[in-house]
Amino acid sequence: MLDNVSLFENQSVSKEGAIWKQALAKMLDPTSDMPPERKKQYEQKIYAKLKAGKRLTPKEMNYLKVNNPTMYNTARRIEIARQAFRERLKHCHSKEEVQDVIANQMKVVEAMSDADPDKEYMAAMVKNEADEFRDSKAYAKLPQKADYHKKGKMEDASDYKPKDEKDEDSYSGVGLLLQGQFQCNVIDGLAQSFSLL
């Protein structure tokens, strides 16, 4: 009798575990309800953004994490390099210094092995970030050359805000709130289907 009870409990636990696993997969994968052709289009859009040096949204990163861990690692590597590059640009005190930072970053990319599959994405990221920075108000207000002998605070680009950080809803509190509400609805629906079992 005890064996039958423990067998039933194990089956119940494994069903519950499967439901939670399904709920988590649905939350992380924005394409879980898409037909295969739309899923393929979504993935192609992500690759195109990476090739253009654009930043991926959290949804796109989650998609890669679930469906393509190798490409997710590439995207993470690019994002980490992007953040470091942006920080170096923000601390420049002149347009000349910006050019040096960009040139040094390009040297790093050129030094990467041709066999490195991320080299193309890294080069695109540097070009995209450099172009965006040069088009910013923070860059425009920098002097051509830094005057380190001048007393007082030197001008820098610390107020630089990349377009994707100020325009994109998915990085804001509103975007995160909407994503959280969606995830709660998914869990609620799965919990209700579990209670029907």
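**Entry 1: a term I need before starting**

Buried means under 20% relative accessible area and exposed means over 50%, with partly exposed for what falls in between. I tried this on A103, which lies in helix α5 (residues 95–111), and because its relative accessibility is 35%, I wrote it down as partly exposed. I also noted that the C-alpha atoms of A103 and A130 are separated by 9.9 Å, although the two residues are 27 residues apart along the chain. I must keep in mind that what I am looking at is a predicted model.

**Entry 2: the whole chain**

I looked up the elements of the protein chain and found 9 helices and 0 strands, so my notes on secondary structure read α-α-α-α-α-α-α-α-α from the N terminus on. Of the 197 residues in the protein chain, 34% are buried. For the contacts in the protein chain with a separation of 6 or more, I noted that residues 24 or more positions apart account for 64%.

**Entry 3: helix α4**

Does the end-to-end reach of α4 agree or disagree with 1.5 Å a residue? The 22 residues of α4 should span 32 Å at that rate, and since the end C-alpha atoms are 31 Å apart, I recorded that the two agree. I then went through the buried residues of α4, which include M71, Y72, T74, A75, I78, F85 and L89, and among them are also the residues E79, R82, R86 and K90.

I stopped at T74, which lies in helix α4 and has 7% relative accessibility, so it counts as buried. Which residues is T74 in contact with, once its neighbours within four places in sequence are left aside? I found D118 and Y121. I also looked up T74 and L64, which are 10 residues apart in sequence, and their C-alpha atoms are 9.7 Å apart in space.

**Entry 4: how α3 and α4 meet**

Two packed helices are described by the angle between their axes and by the distance between the axes. For helix α3 (residues 58–67) and helix α4 (residues 69–90), I found that the axes come within 6 Å and cross at roughly 140°. Why do I call α3 and α4 oblique to each other? Angles over 145 degrees would count as roughly antiparallel and those from 65 to 115 as roughly perpendicular, and the crossing angle of roughly 140° therefore leaves α3 and α4 oblique to each other.

On the α3 side, the contact is made by M61, L64, K65 and N67, while on the α4 side I listed P69, M71, Y72, A75 and R76. Sorting the residues of this contact of α3 with α4, I got 6 nonpolar, 1 polar and 2 charged.

I added R55 to this page, which is found in the loop between α2 and α3 and is buried, because its relative accessible area is 16%. The C-alpha atoms of R55 and A75 are separated by 8.8 Å, and the two residues are 20 residues apart along the chain.

**Entry 5: aromatic pairs**

How many aromatic pairs does the structure hold? I found 2 aromatic pairs. One of them is formed by Y42 and Y63, which I noted as edge-to-face, with 5.3 Å centre to centre and 80° between the planes. Y42 lies in helix α2 (residues 36–51) and Y63 in helix α3, so the pair ties together parts that are 21 residues apart in sequence. Y42 counts as buried, because its relative accessibility is 13%, and Y63 counts as buried too, at 2% relative accessibility.

The rings of F133 and Y139 have their centres 5.9 Å apart, and because their planes stand at 70°, the pair is edge-to-face. Are F133 and Y139 buried or exposed? I wrote down F133 as buried, and Y139 likewise.

**Entry 6: helix α6**

My last page follows F133 back to its helix, α6 (residues 119–134), which has 16 residues and reaches 22 Å from its first C-alpha to its last, close to the 22 Å expected at 1.5 Å a residue. The buried residues in α6 include Y121, M122, A124, M125, V126, A130 and F133, and I also found K119, N128, E129 and E132 among them.

Technical notes:
Residues are numbered from 1 along each chain as its sequence is written. This is a predicted model: local features need pLDDT of at least 70, side-chain atom pairs count only at pLDDT 80 or more; totals for chains, interfaces and linings use all residues. Side-chain values use heavy atoms; hydrogens and water are left out. Helices (H or I, at least four residues) and strands (E, at least two) are DSSP runs, numbered from the N terminus. The expected span of a helix is 1.5 Å times one less than its number of residues. Buried means under 20% relative accessible area, exposed over 50%, partly exposed in between (1.4 Å probe, protein chains only). Axes are lines fitted to C-alpha atoms, for helices over the stretch in contact, and angles run from 0 to 180 degrees between N-to-C directions. Angles under 35 degrees count as roughly parallel, over 145 as roughly antiparallel, 65 to 115 as roughly perpendicular and the rest as oblique. Contact means heavy atoms within 4.5 Å. Ala, Val, Leu, Ile, Met, Phe, Trp, Tyr, Cys and Pro count as nonpolar, Asp, Glu, Lys and Arg as charged, and the others, Gly among them, as polar. Rings of Phe, Tyr and Trp (its six-membered ring) pair if their centres lie within 6.5 Å; planes under 30 degrees apart count as stacked, over 60 as edge-to-face and the rest as tilted.
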